[in-house]
Amino acid sequence: MEQELLQRYIAGEATETEKQQVTEWLHADEQNLREFMVLRKLYDISLWQEPAEKVLLSSEKSEEKPVRKLWIQEVLKVAAIVAVVLAGAYFWQESKQPQWADALQTIHVPAGQRAELFLADGTKVWLNAETTLTFPAGFTADTRQVKLDGEGYFQVAQDASKPFIVETSKYNVRVLGTEFNVIAYASDPDFETALIEGSVEVFSPLVSGSVILEPHTQVKLVDGKLQKTAIRELDYFLWREGIISFQNASVAHMFEDLERFYGVKIIVNNKDILKNHYTGKFRSKDGIEHVLKVLQLNNKFTYKKDNEKNAIAID
């Protein structure tokens, strides 16, 4: 099957005749289905780079070709900076029976990047920097279970017969259909779940009891216990749109987030500024030096970049 035809089909640009042609090709051989699903997953994963409108306006080609070329370029970006591991997905096992629906896939978003994707059930997921998500190619069990290491924002497709469970190294989150944010880096002792819409249950398979959240409430792990509070600042979740928001955050906490957002190491020699607090919003595309220059307005420090070590020293 021609790649260009498959690309048009996935992008929704194929004619009825072409759609029928692709459908017949998919049913003809499991190998064809494997090839199609890999392309489909790559198309669904969209890294947040320059807005599409900007790219299209700079193109001098016809309207149809730039659109197709754009998503192909996005696929190449995905292949370059997101490790998509198909752990046996769409391949035959030794029994020669197709097992692609139950096979797991893993997506890792490196420091300084963000990504979004759709799962097989229609659930939309945003992944923040240094985040890993493991999920099945298809949800065939009684539950829809994924595993998160990092930060993810979920818009879960409604399915009362199959609860959606986000498993983390600390606690799990069970939902039916809702919108919520989870922070659970395995390398960090913190855990947080914030509910925007619907209802979620935060629980641990190892500990009895659970916490039920209502809209605009959150739960955090404090001194080994879950504490439930109201969400005071919704702007934080603008990270999905490339906005970094801080609300009365300590400079120490800000530097931790900036390291993750921009994929750099911040070495703080001037410890006096770490206790200061700051409130503000930044566009991530403006770069870390813009954030540091704004912080310098109210905090006395200098900084020096080391491009070879990808580090910034704060003095």
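Which residues is asparagine 299 in contact with, leaving aside its neighbours within four places in sequence? In this predicted model, the residues in contact with asparagine 299 on those terms are Val251, Ile273 and Asn276. Asparagine 299 is located in the loop between H7 and E19. Its relative accessibility is 5%, so asparagine 299 counts as buried. Histidine 277 is 22 residues away from asparagine 299 along the chain, and the C-alpha atoms of the two are separated by 9.8 Å.

## The chain as a whole

The chain has 315 residues, of which 44% count as buried. Its secondary structure consists of seven helices and 20 strands. Among the contacts with a separation of 6 or more, 49% are made by residues 24 or more positions apart. The accessible surface of the chain is about 16,800 Å², and carbon and sulfur atoms account for 50% of that surface.

## Two helices with buried residues

Helix H2 covers residues 16-28. At 1.5 Å a residue, its 13 residues should span 18 Å, and the end C-alpha atoms are 19 Å apart, which agrees. Within H2, the buried residues are Glu18, Val22, Trp25 and Leu26. These residues cover an arc of only 100° around the axis, and therefore they are on the same side of H2. The other side of H2 carries the exposed residues Glu16, Thr17, His27 and Ala28.

Helix H7 comprises residues 288-295, and its buried residues include Ile288, Val291, Leu292, Val294 and Leu295. Viewed down the axis of H7, the buried residues fall within an arc of 160°, so they line one face of the helix. What do the buried residues of H7 pack against? They pack against one helix, H6 (251-262), and against strands E17 (265-268), E18 (277-283), E19 (303-306) and E20 (311-314).

## Aromatic rings and charges

Across the whole structure, a search finds nine aromatic pairs. One of them is formed by tyrosine 171 and phenylalanine 191, with 5.4 Å from centre to centre and 45° between the planes, an arrangement classed as tilted. Tyrosine 171 lies in the loop between strand E8 (164-167) and strand E9 (172-175), while phenylalanine 191 lies in the loop between strand E10 (179-184) and strand E11 (192-197), so the pair ties together parts that are 20 residues apart in sequence. Are these two residues buried or exposed? Tyrosine 171 has a relative accessibility of 15% and counts as buried. Phenylalanine 191 also counts as buried, with a relative accessibility of 2%.

Ring pairs also link Trp126, Tyr153, Tyr236 and Phe237 into a cluster. Tyrosine 153 has a further partner: the charged end of arginine 240 sits over its ring, 3.9 Å from the ring centre. A similar arrangement concerns arginine 174, whose charged end sits over the ring of phenylalanine 203 at 4.2 Å from its centre.

## Positive phi values and an exposed loop residue

Most residues other than glycine have a negative phi. Histidine 216, however, has a phi near 65°, a positive value. The place of histidine 216 is the loop between strand E13 (207-213) and strand E14 (217-222). Asparagine 248 likewise has a positive phi, near 50°, and belongs to strand E16 (residues 243-250).

Serine 187 is found in the loop between E10 and E11. The C-alpha atom of serine 187 is separated by 8.9 Å from that of glycine 150, although the two residues are 37 residues apart along the chain.

The table lists the relative accessibility of several residues discussed in this report.

| Residue | Relative accessibility | Class |
|---|---|---|
| Asparagine 299 | 5% | buried |
| Histidine 216 | 40% | partly exposed |
| Asparagine 248 | 51% | exposed |
| Serine 187 | 72% | exposed |

The cut-off explains one of these entries: exposed means over 50%, so asparagine 248, at 51%, counts as exposed.

Terms used:
Residues numbered from 1 in each chain as written. Predicted model: local features only at pLDDT ≥ 70, side-chain atom pairs only at ≥ 80, totals over all residues. Heavy atoms only, no water. Phe/Tyr/Trp six-rings, centres within 6.5 Å; stacked < 30°, edge-to-face > 60°. Helix = DSSP H or I, 4+ residues; strand = E, 2+ residues; numbered from the N terminus. Buried < 20%, exposed > 50% of the residue type's maximum accessible area, 1.4 Å probe, protein only. Lys NZ or Arg CZ within 6 Å of the ring centre and 35° of its normal. Arc of directions from axis to C-beta. Contact = heavy atoms within 4.5 Å. Areas by Shrake-Rupley, 256 points an atom, 1.4 Å probe, with all protein chains shown as cover. Expected span 1.5 Å × (residues − 1).
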